[in-house]
Amino acid sequence: MRLSFDEQGTGPVVVLLHGFPLDRTMWSSQLGMLSNHHRVIAPDLRGHGQSPTPPGPYRMEDMAADVIETLDAARVEPPYVVGGLSMGGYVALAMAERYPDRLRGLILLNTRAGADSPEAAANREAKATALEQEGSTESLAAMVELLIPETTRNSRPELVDQVVAMIRQTSPIGAAGALRGMAMRPDRLDVLRRLAVPLRVIAGADDAIVPEAEAQVMAEATPQGDLIVIPGAGHLTPLETPGATNTAIRSFLERLT
Ligand code: MLT
């Protein structure tokens, strides 16, 4: 499936994959700040933003195949650096598993390699069913309290509004498809153990969704891995701390050239 995407700049390609239930606009600072030396491409994953919304579930490998199809259709030459935040990280891991030759480097932000526990998977199914019955993603807007720490919510209400608007614009069908697909994903720590390209893991010190220990496990799974923990940041490092996040991404990209 071909996806809608934004792109900016010329040079080595960096592909950025957004989290759930957000869209490509979460990467606007990265498009602005990394495009001096790179061609930065940010797609909307299926069921999100302006991309098509087929019936779910959306397995991470289906979303990975969409990204590859979209890049091929745009004649983007591999290898490229792929970066993904949270659900986008799950998709990036599926890309590393299925299309290892396409990658020049991998950036995993605020994400984990492990599978859902049975309880977490059951919660996702319950949420997906509720969203379909409600016919809206309004009830997901409360997630903002997990995505953004309280201090930032208080000091930057405009950021809260931006994230809530993204959540509300995601369709209930798309969100349900993604929830069911995330529940189906396998543990992909082995993908990192086999990874043949450099890995940078970026974590928020105050991430309420992914504990720092999970980031550490990923960074240590491969000899070419490292970890940068951003102080004062929660789950949405690119939006909450764009300067520190861009520095962490840029220093990794410089290491590759
Ligand atoms: C995300 O930010 O993409 C989600 O929190 C991921 C998840 O629910 O596992």
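This report looks at the ligand site and at one charged pair in the structure above. Keep in mind that this is a predicted model.

**Around the ligand**

Start with the ligand and find the pocket around it: the space taken by the ligand is the largest pocket. Which residues surround the ligand? They are Gly 19, Phe 20, Ser 86, Met 87, Tyr 90, Arg 124, Met 182, Ile 209 and His 235. Sorted by character, this shell has 5 nonpolar residues, 3 polar ones and 1 charged one.

Three of these neighbours place an N or O atom at a short listed distance from a ligand oxygen atom. Here they are side by side:

| Residue | Part of the residue | Distance to a ligand oxygen atom |
|---|---|---|
| Phe 20 | backbone N or O atom | 2.7 Å |
| Arg 124 | polar side-chain atom | 2.8 Å |
| His 235 | side-chain N or O atom | 2.8 Å |

Notice that Phe 20 takes part through its backbone, whereas His 235 uses its side chain. How much of the ligand's accessible area does the protein cover? On its own the ligand has 270 Å² of accessible area, and the protein covers 93% of that.

**A charged pair**

Now let us turn to salt bridges. Side chains of opposite charge can pair when their charged atoms come close. The whole structure holds 21 salt bridges, and one of them joins Arg 46 to Asp 66, with 2.6 Å between the closest N and O atoms. Arg 46 sits in the loop between strand 3 (39-43) and helix 2 (60-73), while Asp 66 belongs to helix 2, so this pair ties together parts that are 20 residues apart in sequence.

Key. Residues are numbered from 1 along each chain as its sequence is written. This is a predicted model: local features need pLDDT of at least 70, side-chain atom pairs count only at pLDDT 80 or more; totals for chains, interfaces and linings use all residues. Side-chain values use heavy atoms; hydrogens and water are left out. A residue is near a molecule or strand if one of its heavy atoms lies within 4 Å of it. A polar contact is a pair of N or O atoms within 3.5 Å; within protein, one must be able to donate a hydrogen and the other to accept it, and residues adjacent in sequence count only if both atoms are side-chain atoms. Accessible areas come from the Shrake-Rupley method with a 1.4 Å probe; for residues, only the protein chains shown count as cover. On a 1 Å grid over the protein atoms alone, a cavity is a set of points where a 1.4 Å probe fits but cannot get out, and a pocket is an open set with protein on both sides within 12 Å along at least five of seven lines; lining residues have an atom within 4 Å of a point. A molecule sits in a cavity or pocket if more than half of its atoms lie within 2 Å of its grid points. Ala, Val, Leu, Ile, Met, Phe, Trp, Tyr, Cys and Pro count as nonpolar, Asp, Glu, Lys and Arg as charged, and the others, Gly among them, as polar. A salt bridge is a side-chain nitrogen of Lys or Arg within 4 Å of a carboxyl oxygen of Asp or Glu. Helices (H or I, at least four residues) and strands (E, at least two) are DSSP runs, numbered from the N terminus.
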